[in-house]
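Let's take a friendly walk through this model, from its overall build to one helix and the packing around it. Here is the structure to keep open as you read.

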Amino acid sequence: MTYILLIIAVLLSFGFVVLTRPKKKEGLRLLLAFSGSFLLALTLFELLPEVYKQSDPKIIGIFIMLGILLQIFLEFFSKGAEHGHVHLNSQESNFPWLLFISLCLHAFLEGIPINQNNDILYGILVHKVPIAIILSIFLVGSKINIFYGSLFMVFFSIMTPLGSYAASKFDFISDYSAPITALVIGVFLHISTVILFESSEGHTFNIRKLTAIVIGTAIAYFI
């Protein structure tokens with residue numbers, strides 16, 4: 001059921017964009033702010049305390065920093081799609097392989113903690129919806145064949161469940177669950193803080209965005 005939810009969230013977002021071709025982005029910005037605060041809060045409330053209990057704090061800190069650096073590296077190829085920015089040429093007709101590979105690797109990694117902490121599933125679900133919508137808007141608005149765009153979203157949708165499945169089946173991942181989870185925490189910390197502190201317009205917070213952030217944090221606290 002967990003895997004199905006993750007796949008459906010992405011595919012429904014893609015279907016919504018294909019059918020409605022949304023133009024207004026204000027609602028997406030608010031949803032991004034909510035998802036960023038929700039994911040960040042769940043990471044701090046759920047994942048971070050667990051990994052520091054399981055292993056040496058300095059080792060955990062190193063892997064968190066490696067996760068942040070890994071996400072920065074991936075964004076050289078994804079152009080920030082993980083946190084709602086797709087700075088690519090909309091007139092490009094070739095399949096965006098670098099974007100595809102970097103996003104799939106990101107999605108695979110974020111599925112790993114689900115195996116040991118189901119609560120983080122909600123954060124990933126809420127995070128995936130606005131990202132999938134923004135990515136779908138780019139794919140639908142570009143000159144990329146809609147068939148290849150659909151394949152892009154299908155493969156993207158299964159990567160997080162695949163990461164969770166791999167974590168449950170491979171001893172290597174379970175044996176090193178603490179440092180691997182710390183790596184993913186670094187990824188989450190980077191993308192969620194970028195969402196929160198990267199301004200949408202004028203480099204300032206507005207009251208609606210601030211309210212979305214507070215609500216996201218509060219819901220995460222009570223889960």
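Helices here are DSSP runs of H or I with at least four residues, numbered from the N terminus. With that in hand, K79 is the residue that follows α3, and its phi is positive, near 60 degrees.

## The chain as a whole

This is a predicted model. The chain holds 9 helices and 0 strands. Of its 223 residues, 48% are buried.

Contacts reach far along the sequence: among those between residues at least 6 apart, 82% join residues at least 24 apart. The chain exposes about 11,200 Å², and carbon and sulfur atoms supply 69% of that area.

## Helix α3

Helix α3 covers residues 57-78, 22 in total. From its first C-alpha to its last it reaches 31 Å, close to the 32 Å expected at 1.5 Å a residue.

Which residues of α3 are buried? They are I60, I64, G67, Q71, L74, E75 and S78. Seen down the axis of α3, these buried residues fall within an arc of 105 degrees, so they line one face of the helix. On the other side of α3, K58 and F76 are exposed.

## An aromatic pair on α3

A search of the whole structure finds 12 aromatic pairs. One of them joins F73 and F77 edge-to-face, at 5.2 Å centre to centre and with 75 degrees between the planes. The two phenylalanines sit 4 residues apart in helix α3, so about one helical turn separates F73 and F77. An α-helix has 3.6 residues a turn, so residues three or four places apart point the same way.

Both rings belong to partly exposed residues: F73 has a relative accessible area of 46%, and F77 one of 29%. Elsewhere, ring pairs link F95, W97, F100, F152 and F155 into a cluster.

## Nonpolar cores

In soluble globular proteins, nonpolar side chains tend to be buried together. Here the largest nonpolar core has 36 residues, and those with the most contacts inside it are I64, I120, I185 and F188. Elements giving two or more residues to this core are α1 (2-20), α2 (26-54), α3, α5 (119-141), α6 (146-169), α8 (177-197) and α9 (207-222). The most comes from α2, with 10 residues.

What does I120 touch, leaving out residues up to four places away in sequence? Its contacts are L39, L42, T43, L47, P113, I114 and F188. A second, separate core has 25 residues, including V10, A81, L99 and I144.

Notes:
Residues are numbered from 1 along each chain as its sequence is written. This is a predicted model: local features need pLDDT of at least 70, side-chain atom pairs count only at pLDDT 80 or more; totals for chains, interfaces and linings use all residues. Side-chain values use heavy atoms; hydrogens and water are left out. The expected span of a helix is 1.5 Å times one less than its number of residues. Buried means under 20% relative accessible area, exposed over 50%, partly exposed in between (1.4 Å probe, protein chains only). The arc is that of the directions from the helix axis to the C-beta atoms. A nonpolar core is a set of buried Ala, Val, Leu, Ile, Met, Phe, Trp, Tyr and Cys residues joined through side-chain atoms within 4.5 Å. Contact means heavy atoms within 4.5 Å. Accessible areas come from the Shrake-Rupley method with a 1.4 Å probe; for residues, only the protein chains shown count as cover. Rings of Phe, Tyr and Trp (its six-membered ring) pair if their centres lie within 6.5 Å; planes under 30 degrees apart count as stacked, over 60 as edge-to-face and the rest as tilted.
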